[in-house]
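Hi everyone, thanks for making time. I'd like to walk you through one structure today, so let's get it up on the screen.

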Amino acid sequence: MKPIHMNRLSWPDYRDRVQKEGATVFLPCGATEQHGPHLPLGTDHLLSAAVAESVAARIDGIVAPPLAYGYKSQPKCGGGQHFCGTTSLDAATLIGQVRDTVREFARHGVKNLVLCNGHYENQWFLTEGIDLAIRELGANPPIKVMRMEYWDFFTTPTLDRIFPEGFPGYALEHAAVLETSMMLHYHPDLVRLDLIPDDGPADFPPYDLYPPNTEWVPPSGVLSSAKAATKEKGGWMVEELTDRIAATLRKEFG
Ligand code: ZN
Ligand code: MN
């Protein structure tokens, strides 16, 4: 297997992989954000990087260092900004980081770039950063960029198998069964099963307030219960993600 981490390659080795072999480059995007008492603050960037690594290993891709800070945590999908440890960027800062890195990868000769996102709140700001870079690169940009939220690659049969009592939706799945199971698969040493709280599912009204009403959010920061998380479920999820993302990249990028 070829080395997959950009930050461990020398520049000539990286250049050859990208320019001669046409390696696809992955930019994992995440956050530094509370994930309850049982998961680490880095969960969103650890998982997006781990998914990118699984797929890169399959297709001889390269994984760039992740964008480890994300857009501001929102109460309804990440618990909100009032938790100690949650460390977020203004939208303009995140957009600028994405625009600049996409432009740099294009300059390196990267033909195919994948932004693999693991933090719900990032989506439109990643889109904007990519769009600004592509606009700057002119009418025939030398790079193709795919943006994905990795969870969109789960199929209904898999979700039915993981949530026999019904899927609460991705927004409420913060620090819950999906992320905890995937962390049990990739980083079991970072999960504290004994500390999983019994909160949730959180019941939010159909509007937002500024400043936010922190009483809407369970004090643990977990938006629906993670009690049903298992390493086995994490394994099913990772297998499905790896297969389906790799197949999609072969279809779109050849
Ligand atoms: Zn998360
Ligand atoms: Mn998040």
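**Two metals, one shared residue**

Okay, let's start with the zinc ion (ligand 1): its donors are His35 (NE2), Asp44 (OD) and Glu179, which gives two OE atoms, at 1.9 to 2.8 Å. Keep in mind that this is a predicted model.

Along the chain, those zinc donors follow the spacing H-x8-D-x134-E. What about the angles among the 4 donor atoms? They run from 52 to 140 degrees, and the site counts as irregular. To be called tetrahedral, four donors would need all their angles between 85 and 135 degrees, so this site doesn't make the cut.

Now, the manganese ion (ligand 2). Which protein donors does the manganese ion have? They're Glu33 (OE), Asp44 (OD) and His119 (ND1), and they sit 2.0 to 2.4 Å from the ion. The spacing for this one reads E-x10-D-x74-H.

You may have spotted a name that came up twice. Asp44 bridges the manganese ion and the zinc ion, and the two ions are 3.5 Å apart. As for where the residues come from, Glu33 is in the loop between β1 (25-29) and α2 (43-59), while Asp44 is in helix α2, and the two residues are 11 apart in the chain.

Last thing: are these residues buried or exposed? Glu33 has a relative accessible area of 1%, so Glu33 is buried. Asp44 comes out at 2%, so Asp44 counts as buried too. On the zinc side, His35 is also buried.

That's my tour, so over to you for questions.

Methods: Residues numbered from 1 in each chain as written. Chains lettered and ligands numbered in written order. Predicted model: local features only at pLDDT ≥ 70, side-chain atom pairs only at ≥ 80, totals over all residues. Heavy atoms only, no water. Donors = N, O, S within 2.8 Å, 3.2 Å for Na, K, Ca; no water. Helix = DSSP H or I, 4+ residues; strand = E, 2+ residues; numbered from the N terminus. Buried < 20%, exposed > 50% of the residue type's maximum accessible area, 1.4 Å probe, protein only. Tetrahedral: all angles 85-135°; square planar, octahedral: opposite > 155°, others 65-115°.
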